[in-house]
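Biologist: I'm new to this one, and I'd like a close look at a single part of it rather than a grand tour. Could you pick a sheet and walk me through what surrounds it?

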Amino acid sequence: MPARKLFLTAVAVCFLACVKQVPATPTRTGPPRALQLLADTLERETSQILQKREDVEIDTRDFERTPHVVATGETPLLRLEGARARLYGDAAGKEGFSVDNLILLEVLDEKGHVLNRGAVGFTDMVRVGKEQVDSVGPMSFSFEPGVVDITSLLPESAPFKVRATALDYSGVGRVSNVFLLLESPTKGSEDDLRGQ
């Protein structure tokens with residue numbers, strides 16, 4: 001009997017030693033981390049905005065299909081760490097934001113390669129090359145605080161940057177302040193429960 005127990009103990013120790021230990025994904029805690037994506041830009045007529053985003057095409061019959069660049073911004077290298085990533089008009093997460101016509105969001109890896117894209121704003125179909133870009137959030141010029149959640153665009157564990165380009169293709173172009181807030185899961189779940 002003691003020999004059998006010794007054998008089973010040895011098997012258990014061997015099994016535990018052979019099992020690959022996967023480190024837990026770190027989870028963001030504490031207050032939200034706020035990063036400014038775009039700064040408030042005065043309204044200008046589209047024809048006065050000279051820079052264009054030549055690789056982007058807007059599927060529209062009535063207006064110019066190549067959009068003009070209103071403003072750009074990019075975060076430093078980040079990790080999601082289990083957080084929710086939402087857009088706001090201020091660093092405190094209390095204000096909404098606005099754009100005419102849209103914000104093209106591009107998620108980049110640490111070498112600058114595009115991993116994912118999303119479009120936020122009032123726009124018809126957006127293409128970058130042959131790729132159709134999905135809309136994130138409602139089709140609108142104005143957005144309530146935190147209504148645009150871009151978590152699904154971001155890698156869960158790999159480092160990334162978010163590049164934002166405010167684009168316009170008709171009339172006037174403008175964008176308000178836009179902040180990306182990385183919010184801990186506990187804050188997000190409390191907010192979700194509060195609305196029920």
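Modeller: Here is a walk through one sheet, then outwards to the cores, the loops and a second sheet.

Keep in mind that this is a predicted model. For orientation, the chain has two helices and 14 strands. Of its 196 residues, 41% count as buried. If you take contacts between residues at least 6 apart in sequence, 76% of them join residues at least 24 apart.

Now to the part I'd zoom in on. Four antiparallel strands make an open sheet, in the order 2-13-6-11. The edges are taken by strand 2 and strand 11 (142–143); each has a single partner strand, so one side of each is left without a neighbour in the sheet.

Let's go across it strand by strand. Strand 2 (residues 41–45) runs antiparallel to strand 13, and three bridges join the two. One pair to find on screen is Arg44 with its bridge partner in strand 13, Gly173. On the other side, strand 13 pairs with strand 6, again antiparallel, over two bridges. There, Val99 has Val175 of strand 13 as its bridge partner. Strand 6 then pairs with strand 11 in the antiparallel sense, also over two bridges. At that seam you'll see Phe97 standing opposite Phe143 of strand 11.

Strand 13 is worth a slower look. In a regular strand, side chains alternate between the two faces of the sheet. Here, Gly173 and Val175 make up the covered face of strand 13, while Val172 and Arg174 make up the uncovered one.

Follow the chain out of strand 13 and you reach Ser176, in the loop between strand 13 (172–175) and strand 14 (178–183). Is Ser176 buried or exposed? With a relative accessible area of 12%, Ser176 falls below the 20% cut-off, so this loop residue counts as buried. Setting aside residues up to four places away in sequence, Ser176 touches Leu38, Ala39, Asp40, Phe97 and Ser98. With Ser98 there is something specific to look for: the backbone nitrogen of Ser98 lies 2.9 Å from a polar atom of the Ser176 side chain.

Phe97 and Val175 turn up again when you look at Ile103. Leaving out neighbours within four places in sequence, Ile103 is in contact with several residues, including Leu38, Phe97, Ala164, Val175 and Val178. Ile103 also belongs to the largest nonpolar core, a set of 31 residues in which Leu87, Ile103 and Ile150 have the most contacts. Among the elements that give two or more residues to this core are strand 1 (33–38), strand 6 (97–100), strand 7 (102–108) and strand 14. There is a second, separate core of eleven residues, and Val56, Val69, Leu102 and Val126 are among its members.

Between strand 6 and strand 7 sits a loop that contains Asn101. Most peptide bonds are trans. The bond joining Asp100 and Asn101, however, is cis, with omega at about 10 degrees.

Another backbone oddity is Glu81, in the loop between strand 4 and strand 5. Most residues other than glycine have a negative phi. Glu81 is not a glycine, yet its phi is positive, at about 50 degrees. Glu81 counts as partly exposed, at 25% relative accessibility.

For a contrast with Ser176, try Lys111 in the loop between strand 7 and strand 8 (114–121). Lys111 has 70% relative accessibility and counts as exposed. Its C-alpha is 9.2 Å from that of Phe160, although 49 residues separate Lys111 and Phe160 in sequence.

One last stop is another open sheet, with three strands in the order 3-9-10 and antiparallel pairing. Strand 3 (56–58) and strand 10 (131–133) are at its edges with a single partner strand each, so each has one side without a neighbour in the sheet. On average, neighbouring strands in this sheet are turned by 30 degrees against each other, direction ignored. Strand 3 and strand 9 (residues 126–128) are antiparallel and pair over three bridges. Val56, which we met in the second core, has Val128 of strand 9 as its bridge partner.

How values were computed
Residues numbered from 1 in each chain as written. Predicted model: local features only at pLDDT ≥ 70, side-chain atom pairs only at ≥ 80, totals over all residues. Heavy atoms only, no water. Pairing = 2+ DSSP bridges. Axes fitted to C-alpha atoms, helices over the stretch in contact; angles between N-to-C directions. Buried < 20%, exposed > 50% of the residue type's maximum accessible area, 1.4 Å probe, protein only. Contact = heavy atoms within 4.5 Å. Polar contact = N/O pair within 3.5 Å; in protein donor to acceptor, adjacent residues only side chain to side chain. Core = buried A, V, L, I, M, F, W, Y, C linked by side-chain atoms within 4.5 Å.
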